[in-house]
Amino acid sequence: MSIPLDEHSQPDLQALVERAGRRYCALIGEVYVEDVVDEKGNKHPPLDEKGNLKRPRHQGGYQHIMPEEWAEYDRAMAAWQEARRHPVQGAVVADDREALCICGSPGVYCRPRKGGGRSIWRCEEHRNNWPDYAEDIPLREPAR
Ligand SMILES: [Zn+2]
């Protein structure tokens, strides 16, 4: 049993949920209703014109994650957090402390600090959440 990781090697709950949903669909012989992928490659839940989820409730993967998977996920998350607190000297650490968002996620968008100093980073979710001391410039596109 392995836990899917995101591009920052962080255990990826969304991917785990999706995997469980797909597994359940395979089990009952249904076709999984796929997420919608936008032009930037981001996934969104499939919605109809009224905004209702097109994926049937029973295909939602969260409920189908097995206890062993939760246990493994918790272990992987604890290991990831521990590794982030104590980076191995010389190891390539994807999430440089100075490039972290306020929520602790790796920063994707960066703005200079007024008057110089460390840059300020924000993740995708907090991309509009900038302090007064951030330079008010257009956001840089995320690196791909
Ligand atoms: Zn954030």
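**Notebook: A15 and its surroundings**

I began with A15, which counts as partly exposed because 15 C-beta neighbours lie inside 10 Å of it, a number that falls between the cut-offs of 12 or fewer for exposed and 20 or more for buried. I note at the outset that this is a predicted model.

I then looked up where A15 sits, and found that the residue lies in helix α1. Helix α1 runs over residues 13-28, and its 16 residues reach 23 Å from the first C-alpha to the last, which is close to the 22 Å expected at 1.5 Å a residue. Just after α1 comes G29, and for this residue I noted a positive phi, near 70 degrees.

Next I checked a partner for A15 from elsewhere in the chain: G61 is 46 residues away in sequence, yet the C-alpha atoms of A15 and G61 are 9.5 Å apart in space.

I turned to the other helix, α2, which covers residues 67-85 and has 19 residues, with a reach of 27 Å from first C-alpha to last, close to the expected 27 Å. When I counted buried residues among the 19 of α2, the result was zero, so that I have entered this helix as hardly covered.

Last, I recorded the whole protein, which has two helices and four strands, arranged along the sequence in the pattern α-β-β-α-β-β. Of its 144 residues, 8% are buried. Among contacts with a separation of 6 or more, 38% join residues 24 or more positions apart.

How values were computed. Residues numbered from 1 in each chain as written. Predicted model: local features only at pLDDT ≥ 70, side-chain atom pairs only at ≥ 80, totals over all residues. Contact = placed C-beta atoms within 7 Å. Expected span 1.5 Å × (residues − 1).
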